[in-house]
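Biologist: Please take a close look at the salt bridges of this protein chain. I should like to know where the partners sit and how they are placed with respect to the solvent.

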Amino acid sequence: MWLFIQPNDTLFFRDGRPFDAGADVWTGTIFPPYPATIYGMLRTFFINMVSTNIDHADYFANIPDEYKGLLGKKDEYGSLSLVGPFFGKKDNNKASLWIPCPSDLWKWKENDKTKYYLLCPDSNKNDVSQCTDLDIPFRPLSFPAGINSSELERGEGSIGGNTMDYYLIGNPDDVEEINAEKFWDSEHSTIIERDDGRLSAKEHQLAYPVHTRLQDDLSFEEKGFLIKIQGLNSSQMEAIGKRLDKPEAVRLGGECRIAIIDKVNTDQFYQAGVVQQITSTGRFRVILTSSAYFPQNAFYPDFLVQSDRKVPEGQWVLEGIEKTVTLISIVMNDRPARIGGWDLANKRPKAMIKAVPAGSVYFFEISNFDKVRDNDWVVKLVNASLPGVLLGGENDYMKQGFNTYLIGGWDYVSG
């Protein structure tokens with residue numbers, strides 16, 4: 001079930017750094033929010049939806065039996081999981097999915113002309129272990145022959161809608177990128193603490209948080225967050241779906257700003273084109289659409305093993321069928337994200353983790369690939385990623401929306 005969340009006001013999401021008004025004037029803010037924020041909102045909303053009596057001292061105490069497995073306990077997640085959040089544009093009851101510009105998509109700009117290029121592994125150059133202290137022999141990344149990379153800049157907006165398919169099949173010529181400013185604006189605000197005795201602001205109690213407003217211009221399209229919820233049985237899906245036939249109000253982010261949530265239909269990706277691209281080469285890309293947490297390997301999935309100065313490889317399992325895949329290269333768009341938060345149930349900070357940032361791209365090769373024999377497995381791979389959740393992470397984080405990905409094709413740089 002896909003849900004659309006449209007804020008009615010500005011939103012405020014803090015990062016994991018400590019903050020104290022007066023000592024730290026500028027708050028650390030993030031946008032878009034990390035998946036755990038949306039998951040917490042959704043879980044709270046469902047508890048309020050299905051419970052007849054809320055005990056705020058023990059929030060999970062009065063959940064009906066038929067929903068306990070879905071919503072879990074105070075210190076234990078249930079089966080509820082989400083994929084996302086994504087940016088979404090909604091027109092009537094149809095929404096299109098948008099993601100931050102992936103780190104392998106670069107552009108050349110001159111006046112009003114823009115042309116896009118994809119970074120891909122280059123088999124003609126020495127591996128990166130020859131020039132760095134990284135002992136993994138990943139392939140270096142290059143642009144097509146003849147392209148002057150000094151004239152290119154990385155995409156910084158969002159891609160999606162009807163042109164997402166072109167990016168996924170490795171044809172960037174028809175990709176549409178929109179500036180982040182077309183999705184949201186930043187608005188500065190001021191927080192003070194009042195001195196009731198003097199009816200004025202207290203000294204050293206001043207802060208300037210940055211809020212975000214999703215654009216509400218004259219377009220008929222509504223802008224918000226798009227998420228997919230999973231882990232519900234048929235009766236839960238029916239009951240919750242029926243309740244969401246009409247929009248409901250939820251509270252989201254710092255200061256509990258109001259947003260509207262309802263069911264929505266989404267655009268479908270062109271699966272056949274991606275399958276064709278992968279089966280022609282035996283190679284596929286994993287594009288992270290949310291931050292990913294791999295507690296063992298840190299920057300690549302934990303089902304992969306690296307030894308003897310070889311590139312990592314492991315078994316990718318789909319519907320009980322295993323295929324050996326090899327990680328050829330990685331491109332990340334930023335340093336690791338530090339993600340923490342506040343544990344409401346236990347009233348203490350959550351453990352801080354380092355996560356691979358959204359927009360990072362992994363380049364895989366299927367070992368001993370045979371176009372005919374492995375075609376069904378490739379179809380399953382693509383079907384599981386519309387979008388999917390990348391294996392090799394910690395289960396509780398994956399339920400919250402971490403490790404979300406799309407699948408695309410790639411080939412080595414030619415020339």
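Modeller: The following account turns to the salt bridges after a short description of the chain. This is a predicted model, in which local features need pLDDT of at least 70 and side-chain atom pairs count only at pLDDT 80 or more, while totals for chains, interfaces and linings use all residues. Residues are numbered from 1 along each chain as its sequence is written, and side-chain values use heavy atoms, with hydrogens and water left out.

The protein chain has seven helices and 29 strands; these are DSSP runs numbered from the N terminus, helices being H or I of at least four residues and strands E of at least two. Buried residues, meaning those under 20% relative accessible area (exposed is over 50%, partly exposed in between; 1.4 Å probe, protein chains only), make up 48% of the 415 residues. The chain carries 44 positive and 57 negative side chains, and the centres of the two sets lie 2 Å apart. In this count Lys and Arg are positive and Asp and Glu negative, without His and the chain ends, and each charge is placed at NZ of Lys, CZ of Arg, CG of Asp or CD of Glu.

Across the whole structure, 13 salt bridges are found, a salt bridge being a side-chain nitrogen of Lys or Arg within 4 Å of a carboxyl oxygen of Asp or Glu. One of them joins K90 to E222, with 4.0 Å between the closest N and O atoms. Because K90 belongs to strand 2 (residues 81-91) and E222 to strand 15 (residues 222-230), this pair ties together parts that are 132 residues apart in sequence. K90 is buried at 7% relative accessible area, whereas E222 is partly exposed at 29%.

A further salt bridge brings E177 and K107 together at 3.2 Å, N to O. E177 lies in strand 10 (residues 177-178) and K107 in strand 4 (residues 105-110), so parts of the chain 70 residues apart in sequence are tied together. Both E177 and K107 are buried.

R283 and D411 also meet in a salt bridge, at 2.6 Å from N to O. This pair links distant parts of the chain, 128 residues apart: R283 is in strand 19 (residues 283-288), and D411 is in the segment after strand 29 (404-409). R283 is buried, with a relative accessible area of 16%, while D411 is partly exposed at 35%. Finally, salt bridges that share partners join K90, E222 and D262 into one network.
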